[in-house]
Every structure is written in structure tokens, then in C-alpha cells.
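Dear colleague,

Please find the structure below, handed over for your reference. The notes that follow set out what was found in it.

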Amino acid sequence: MLLCAACFWVLDLGVLRAGTPDPLDDTWEYGVAARHLLAGEGFRTGVIHPPLWTLRDAHLSVPVLVHGPLLPLILAPLLALFGPGALDRIAMLAALFATLAALFTFRLGRRHFGEPVGIAAAALFTLAPLTLRAVHHDVSLALGAALFMLALDLLARERPRALAGGLALGSACLTRPEMLVAAPVLAVLAGRAGLRAFVPGVVAVVAPWCWHGFRATGSPFFNLSGYLAAGYSVRWPGLTILRDFDLPPARWPETLAAALPSLPTKWLDNLPHVLKRALLVPTGATGWLAAGGAIAGLASATGRRATAVALACTLIPLAVMTATLYDSRYLTPFLPLWALAAATGTSAIARRAPPWGRRPRAWIGFLLLLVLPSIAPALSDAARESRALATRLAAERAALRDHSGGGLMFSDTPDFVAWTTGRPTVWLTRAEHDRLPAAATADRPARGGPGDTWFHDPRGTDAPGH
């Protein structure tokens with residue numbers, strides 16, 4: 001199973017040469033934060049979201065409050081060993097995490113539903129377009145899936161390894177904050193006796209990061225992504241809430257309270273889109289099998305408890321998508337659960353088939369045929385996209401050489417610009433930048449000059465300008 005997954009990623013990243021990062025990827029901010037760690041500055045970043053402007057220090061860096069600390073910690077030694085070029089091939093690291101997630105998925109499936117289900121689920125997860133997209137453009141999703149499935153694998157067994165499971169889930173929380181909601185759900189698997197080990201395991205990993213958030217904002221669980229609960233609304237369309245200087249962390253509780261009356265309308269609007277996306281994973285042709293698999297799992301004597309916990313966990317990304325925005329990428333850390341359900345559903349159907357159809361080779365082959373129409377075009381598109389992105393990165397890096405050194409910059413691709421130039425960079429659109437005051441105020445920087453801005457034509461992000 002591991003060999004097959006490794007061969008797939010060799011094909012994708014080695015033969016097809018996919019996986020070039022996009023300038024809009026979070027990859028670059030992980031690199032910026034890792035660079036601050038290597039400089040001995042702690043968890044700071046030069047990628048500045050306007051609500052965090054008032055938290056800047058004398059060097060114009062702000063606390064890391066959008067992403068967790070785990071990926072910068074992993075990347076810091078890699079950057080020290082291999083240099084800045086390591087970030088361009090971060091997809092290889094993400095592929096390793098995806099392979100580990102597939103391995104833990106296989107182990108969980110084999111333990112509760114038999115080896116064929118484990119093999120099919122691992123293959124489904126590996127071949128899912130969402131997994132492919134995560135490996136290419138969001139390593140945190142792949143790492144989150146690996147750590148979550150490791151925690152589930154450690155806990156969903158006859159003798160749960162509660163402490164190890166707690167440490168694994170705590171680590172998952174340091175890359176995907178929504179995993180904290182999974183803690184009370186997985187605690188059920190730890191059992192009453194195991195709670196005394198599971199809870200300390202989670203707390204031991206998460207507590208230092210909570211202290212970091214508390215020192216910076218006064219809230220141990222603050223994450224700027226939480227602003228999206230009020231974003232994508234009439235008041236703050238799209239991501240504009242993350243670029244609002246008037247919303248420092250101290251004002252967020254009152255802002256959310258004021259927005260609460262209007263939020264149920266947003267939730268009702270989002271919900272149909274959320275359910276549609278949940279029914280289209282692992283792929284459009286296999287999503288319907290996941291529903292049958294959930295029923296079969298609940299009917300299984302060996303897998304009923306694990307299935308019930310897994311079903312509860314699948315509600316977490318659905319709730320996040322309903323409350324914030326219905327982006328399918330939120331499903332990715334929990335995607336192995338859908339893969340397990342689809343594999344279990346196919347196995348249950350196969351048991352009612354003629355003798356030749358009950359053989360694992362037959363029904364697993366059928367399942368993979370259902371996946372082919374989704375993954376083949378996704379691979380082709382990703383390879384084509386990667387070539388275009390490589391050309392774009394080379395062009396923008398060459399143009400940004402003239403911007404290296406100096407003070408504050410403003411850009412609509414702040415992560416990439418901050419990483420490439422080494423300058424602190426505020427995330428704004430060109431229009432938002434032009435509304436800044438000519439002279440700095442207590443809560444706003446002054447407009448930048450021609451050498452301090454890097455914006456793109458809104459008609460296409462491949463046309464940089466100043």
C-alpha cells in the first residue's frame with residue numbers, strides 16, 4: 001500500500017513535475033515564520049494582516065496568529081539545511097504527510113472492517129482531487145489529515161493508547177485549529193480510564209500555543225481565521241474582513257456580537273452548498289458510497305463505535321464551512337473518514353454481488369474505475385498549472401529583486417512578497433492601499449511609494465504592477 005502511494009506521488013511530482021507553489025499559497029508565510037525562528041525572534045511573521053497592525057514591533061513583525069506553529073517548526077531545520085529553495089519543493093513534504101495519512105487510514109480500516117477495506121480507503125484518499133490539491137498548495141491540510149488519523153488510529157483500538165493519542169491530536173491542533181473541537185469527540189474512544197492520559201496529552205502540546213495567543217491578544221484561543229465567521233457577508237464581502245484595520249483583536253468579540261443577528265441568514269445560505277460538497281467527496285462518483293458505508297459501519301459489531309465517532313468528526317468541517325465559507329479544502333483533514341466510509345459502502349454492496357464480484361480485487365478495481373474520471377483530469381490540469389506557475393514565479397522573482405531591502409511593503413500576494421524580498425508586507429488590494437492616509441496614524445500605515453507596492457491586475461493575477 002505504501003509503495004503504491006509513493007509511486008503515485010513520484011508520478012505526480014517527479015514525472016509530471018506538478019506541485020509548484022502559487023504566490024497566493026500559505027507556503028510562503030510558513031517560510032517567513034520559519035525564518036524568524038531561525039533568527040531567534042520566536043513566532044513572529046513579516047506577513048501583516050491589517051487587523052494585527054497594532055501588534056507590530058519595532059522591526060514591523062507581528063505575532064503568528066493566523067497559522068499554527070508546527071509547520072514553521074518543521075520547516076526551520078529544512079531551510080537551514082537546504083536553503084530557501086526548499087520551499088519551492090514543499091509538495092514533496094506534503095506528499096510524505098499524505099502518504100502517512102493513507103497509512104493510518106489503512107490501519108484503521110483493516111482493524112475494524114478488514115484489510116481490503118483498509119487498502120481501498122487508503123487508495124481513495126490518495127487519489128482524491130482534494131488530496132492532490134492539498135499536496136500541491138496547502139501542506140497544512142495534508143499534515144492535519146496525517147496527525148488526525150494517527151490520533152484516531154491510536155485511540156480506536158481494543159486498548160486505546162490514550163496518552164499517545166492525546167499528543168497526536170494536540171499536534172494536529174497546532175496545524176489545524178478546528179482539530180481542537182475534535183478533542184472531546186475522540187475522548188469517547190479514550191474511555192473513562194484513558195481520559196486521565198488523553199487530556200494531559202492534548203493540553204501538554206496545546207497549552208504553550210494558547211499562552212502565545214493569550215500574551216498577544218488576551219485570548220488563549222484567538223485565531224484570525226475566526227474572523228471569517230462574520231466575513232463573506234454584506235458588511236464584509238469576501239476576505240475584506242481580514243484586511244480591515246478597524247478590527248484589532250481587542251475589538252473582535254464586540255464585532256462578532258454585533259454581527260450575530262445577521263449570521264443565521266448566512267448559515268442558511270451556506271448550508272446547501274456545504275451539503276453538496278460533502279456529497280462529492282472523495283470524488284463525485286464515489287461520494288454516494290460514503291453514505292452507505294456509514295450505515296454499514298454502524299451496523300458492524302466491530303466498527304460501530306469507531307464509526308459513530310467518525311461521523312461526529314465529519315460534522316466539524318461541515319460546521320466550519322457553514323459558519324465561514326463553503327470551501328471544500330476544509331474537508332481535506334477529515335477526508336480519510338469519507339474514504340473509509342466509501343470503501344466500507346462498496347464492500348457492503350459487494351457482499352450482495354455474484355461470487356466473482358465479492359472478491360476484493362473485483363470491487364476494489366470497480367471503485368478505482370469510479371475514481372479515474374476525477375483524478376486523471378486533475379493530474380493533467382495540475383501539471384499544466386505547475387508549468388505556468390514556474391514561469392510566473394521566475395518572472396516575479398526577477399522583478400522583485402529591485403524591491404529587496406528597505407521598509408514596509410504593500411501587496412495582494414503578501415506571503416510571497418515578504419518571503420522573496422525579506423521586507424515586512426501588509427496584505428491589501430490596490431484600491432485599499434490607495435485609501436491609506438498620506439501620513440501614518442496610530443492604527444494605519446502611510447501609503448507606500450512606487451518601490452513599496454506590488455499589486456496585480458484584478459483581471460488576472462499574472463500581471464504584476466505598481
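**The second largest pocket**

The lining of the second largest pocket draws at least two residues from each of helix 4 (90-113), helix 11 (263-278), helix 12 (287-299), helix 13 (304-323) and helix 14 (335-350). Helix 13 contributes the most, with seven residues. The volume of this pocket is about 450 Å³. It is lined by 29 residues, and those closest to its centre are Ala-294, Leu-311, Thr-314, Leu-337 and Ala-341.

**Confidence in the model**

Please note that this is a predicted model. The average pLDDT of the chain is 94, and 98% of the residues score at least 70. Residues 461-466 call for caution: pLDDT stays under 50 there, and the model has 19 contacts for them beyond four places in sequence. Where pLDDT is low, predicted coordinates should not be read in detail.

**Aromatic pairs and helix 17**

Seven aromatic pairs were found in a search of the whole structure. One of them is formed by Trp-28 and Phe-416, which meet edge-to-face, at 5.1 Å centre to centre and with 70 degrees between the planes. This pair links distant parts of the chain, since Trp-28 belongs to helix 2 (residues 27-38) and Phe-416 to helix 17 (residues 414-421), 388 residues apart. Trp-28 and Phe-416 are both buried.

Helix 17 deserves a further remark. Seven of its eight residues are buried, so helix 17 is largely enclosed by the rest of the structure. The buried residues are Pro-414, Asp-415, Phe-416, Val-417, Ala-418, Trp-419 and Thr-421. Just after helix 17, Gly-422 takes a positive phi of about 75 degrees.

Elsewhere, Phe-222, Tyr-227 and Trp-252 make up one aromatic cluster. Two arginines also have their charged ends over rings: Arg-243 over Trp-427, 5.0 Å from the ring centre, and Arg-329 over Tyr-330, again 5.0 Å from the ring centre.

**Two individual residues**

His-112 is placed in helix 4. With a relative accessible area of 12%, His-112 falls under the 20% cut-off and is therefore buried. Leaving aside neighbours within four places in sequence, His-112 is in contact with Ala-156, Ser-300, Thr-302, Gly-303 and Ala-306.

Glu-385 is found in helix 16 (residues 360-400). Its relative accessibility is 25%, and Glu-385 thus counts as partly exposed. Not counting residues up to four places away in sequence, Glu-385 touches Arg-133 and His-137. Between Glu-385 and Leu-311, the C-alpha to C-alpha distance is 35 Å, with their places 74 residues apart in sequence.

**Backbone geometry**

Most residues other than glycine have a negative phi, and most peptide bonds are trans. The following places depart from that pattern.

- Val-281 and Pro-282 are joined by a cis peptide bond, with omega at about 5 degrees. Pro-282 lies in the loop between helix 11 and helix 12.
- Leu-60, although not a glycine, has a positive phi of about 60 degrees. Leu-60 lies in the loop between strand 2 (47-48) and strand 3 (62-63), and counts as partly exposed at 22% relative accessibility.
- Tyr-232 also has a positive phi, near 50 degrees. Tyr-232 lies in the loop between helix 9 (179-217) and helix 10 (252-259), and is partly exposed at 36% relative accessibility.

With kind regards

Conventions: Residues numbered from 1 in each chain as written. Predicted model: local features only at pLDDT ≥ 70, side-chain atom pairs only at ≥ 80, totals over all residues. Heavy atoms only, no water. pLDDT = per-residue confidence, 0-100. Contact = heavy atoms within 4.5 Å. Phe/Tyr/Trp six-rings, centres within 6.5 Å; stacked < 30°, edge-to-face > 60°. Helix = DSSP H or I, 4+ residues; strand = E, 2+ residues; numbered from the N terminus. Buried < 20%, exposed > 50% of the residue type's maximum accessible area, 1.4 Å probe, protein only. Lys NZ or Arg CZ within 6 Å of the ring centre and 35° of its normal. 1 Å grid on protein atoms, 1.4 Å probe; cavity = no way out; pocket = protein on both sides within 12 Å on 5 of 7 lines; lining within 4 Å. Points joined across faces, edges and corners; volume = space filled by probe spheres on them.
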